[in-house]
Amino acid sequence: MADTSDLKKGFKMLIDKQPYQVVESQFVKPGKGQAFFRTKLKNMITGAVIDRTYKSGEKLEKADTEERTMQYLYAEGDSYVFMDTQSYDQLRISAEQLGDNVHYLLDNMEVDVMLFEGRPIGVTPPTFVVLEVTQTDPGFKGDTSGNTTKPATLSTGLVVNVPLFVNVGDKLKIDTRTGQYVERVKG
Amino acid sequence: MLAGGAGNPAWVAGRVLQIAGERAAICDETGTLWVELDPPRPDLEPGAWVEARGRWLGTHLQGTLGLLGLPRRPFPAPDGEWRSLRESGRLQRLRARARMLAAVRAFFDDEGFLEVETPTMVPSPGLDPHLDAYRVEGLEGADARWLITSPEYQMKRLLAGGAERIYQTARCFRRGERGPLHEPEFTMVEWYRAFAGVDDVMRDTETLVAHVARATLGGTTIAPAHGASVDVAPPWERLTVRDAFRRYAGVEMDAVLPDEERFFRLLVEAIEPRLGRERPVFLTHWPITMASLARSSPEDPSVCERFEAYVAGVELCNGFGELVDPDEQRLRLERDQRAREAMGKPVYPIDERFVASLEEGIPPSGGNALGFDRLVMLLLGTERVQDVVALPYARL
């Protein structure tokens, strides 16, 4: 049995037999009163987000989900096609269910697909992906504003903040958990 | 970064942010500028610490680079200090925080308060059933010590000694409190006024916050991260807990009170998020069962002289008309000890010197404890207290 100490971003739990994932969990403690966790939970099937408040220490039911390694094949309209690397079964996942992960999908990339009662409900890409810069300003322009970063658009449409020395054509390592620049990849 | 006119000799030291051909961008604590390199330095990479020596040409510097140090990790390191401090704007926020702390001190100094520093390791961290403390290891002798959850007992002993207006900015420690509004270690601004009551301390609070806003932001309108802007100029709204339950939860406080969990759940879900949205509000007249160190209200013994201020839904402070009756205080401390035991929590000792100081006699007094990190967060409009500290707990 899980409890409120597990209420961290990404934790999967069952409410009324539906799987929910913690989007946001905030420790709240009024003055000198009891502690609570104010959470935003996303229904992993419908995508609907609900607010729930749990008393610190309350018991929770963990959602049992299954993860399978699948290869990303191609996009078709609003859905993305994946293939199970063991059974060769194919399945489709909607852009809505993929969320921000749409920006990390590269052809033939292997990802972990999460299934709940046999249905795909989400995808976990590799922790780091390498993407190319398609647009960014030349960098430092002679001001003394104190800015040490600038925005850059990457090949998949993702926009990240990067150091000033990054140029168009550079390949960047991106952390898919945070969507943030890690480092420039040589060669 | 540089003083003097064009053509003058110039020197600057900092990190290389960008280097290409004959130009390098050098960043120091104040900003970034271009250096035209003569000779070029193809051997240098971003992240190198350098000093540039040459002539200031009005828009950039022309000269030579001397290498002071090279990073041993790719720059900027993903979880490194440069990113934490410079790329997130934390350094600018720390400058603002320092100005705010100076404004707090200036306010109390002008009001004739004495700044004091009381011990951080104490024989009892306080018995509030919902506050947990860190026990100190490795002490000489048999005495147990804990880190303070607030400097309240020690400051009240100074009142018994005859100090009339005292304040401090104290590092406090609360176990298990981590979230956007909580760090396990934080800064409390705490003050006490003798021969004064809860109303005087509420006035101190609203004038203090307005003073800090004016001194550091130039005005009293602040833009919190969540919700509309708030004018912190006095007077702030006064609202009793009873009226807040009626207004925002649609229930009678006294009907809810026997179920403490329901009381706090309504407070957290229905009431707090709506408090202090246009101007700050003092939530006053708390139930006597939640009085801890506050005295009961002379007009209505079912409530106490305790208040909390809310700004943009964020609780900023907790103040009291102080309980000075030693017998009543001991009863409450023993009740809190029993409550802690029933909850299976560590039962801290009663601070006998604190109770003795009440027996020795404390004048009628008011006091308040204000979370300084939250004040800075609200004034700067950041999302979390972790944004306004030098090194958040999670980065230790």
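These exercises walk through strands and helices of a predicted model, each with a worked solution.

In this predicted model, local features need pLDDT of at least 70 and side-chain atom pairs count only at pLDDT 80 or more, while totals for chains, interfaces and linings use all residues. Residues are numbered from 1 along each chain as written, chains are lettered from A and ligands numbered from 1 in written order, and side-chain values use heavy atoms, without hydrogens and water.

Helices (H or I, at least four residues) and strands (E, at least two) are DSSP runs, numbered from the N terminus.

**Exercise 1. Trace the pairing around strand E2 of chain B.**

Step 1. Find E2(B) at residues 23-28. Two strands pair if DSSP finds at least two bridges between them.

Step 2. Take strand E1 (residues 9-20) of chain B. Five bridges join E1(B) to E2(B), and the two run antiparallel. B:Val16 faces B:Ile26 of E2(B).

Step 3. Look at the turn. E1(B) and E2(B) form a hairpin with two residues between them. B:Gly21 in that turn has a positive phi of about 55 degrees.

Step 4. Move on to strand E3 (residues 31-37) of chain B. E2(B) and E3(B) pair antiparallel over six bridges. B:Cys27 stands opposite B:Thr32 in E3(B). This hairpin also passes through two residues.

Step 5. Check burial (buried: under 20% relative accessible area; exposed: over 50%; partly exposed in between; 1.4 Å probe, protein chains only). Five of the six residues of E2(B) are buried, so E2(B) is largely enclosed by the rest of the structure.

**Exercise 2. Work out the strand order in the open sheet of chain A, and find its edges.**

Step 1. The sheet has four strands in the order E2-E3-E4-E5, with antiparallel pairing.

Step 2. Strands E2 (12-15) and E5 (49-55) of chain A are at the edges. Each has a single partner strand, so one side of each lacks a neighbour in the sheet.

Step 3. Neighbouring strands are turned by 45 degrees against each other on average, direction ignored.

Step 4. Inside the sheet, eight bridges join E3 (residues 18-28) to E4 (residues 36-43) of chain A. A:Tyr20 stands opposite A:Asn43 in E4(A).

Step 5. Now add chain B. Its helix H7 (residues 260-271) lies across E3, E4 and E5 of chain A, at about 145 degrees to E5(A).

**Exercise 3. Describe how H2 and H10 of chain B cross.**

Step 1. Axes are lines fitted to C-alpha atoms, for helices over the stretch in contact; angles run from 0 to 180 degrees between N-to-C directions.

Step 2. H2(B) covers residues 90-110 and H10(B) residues 372-380. Their axes come within 10 Å and cross at roughly 120 degrees.

Step 3. Classify the angle. Under 35 degrees is roughly parallel, over 145 roughly antiparallel, 65 to 115 roughly perpendicular and the rest oblique. H2(B) and H10(B) are therefore oblique to each other.

Step 4. List the contact (heavy atoms within 4.5 Å). H2(B) supplies B:Arg93, B:Ala96, B:Arg97, B:Met100, B:Leu101 and B:Val104. H10(B) supplies B:Phe372, B:Asp373, B:Val376, B:Leu379 and B:Leu380.

Step 5. Eight of the nine residues of H10(B) are buried, so H10(B) is largely enclosed by the rest of the structure. B:Gly381 follows H10(B), with a positive phi near 70 degrees.

**Exercise 4. Find the orientation of H8 and H9 of chain B.**

Step 1. H8(B) (residues 326-342) and H9(B) (residues 352-360) pack at about 155 degrees, with axes 9 Å apart.

Step 2. That makes H8(B) roughly antiparallel to H9(B).
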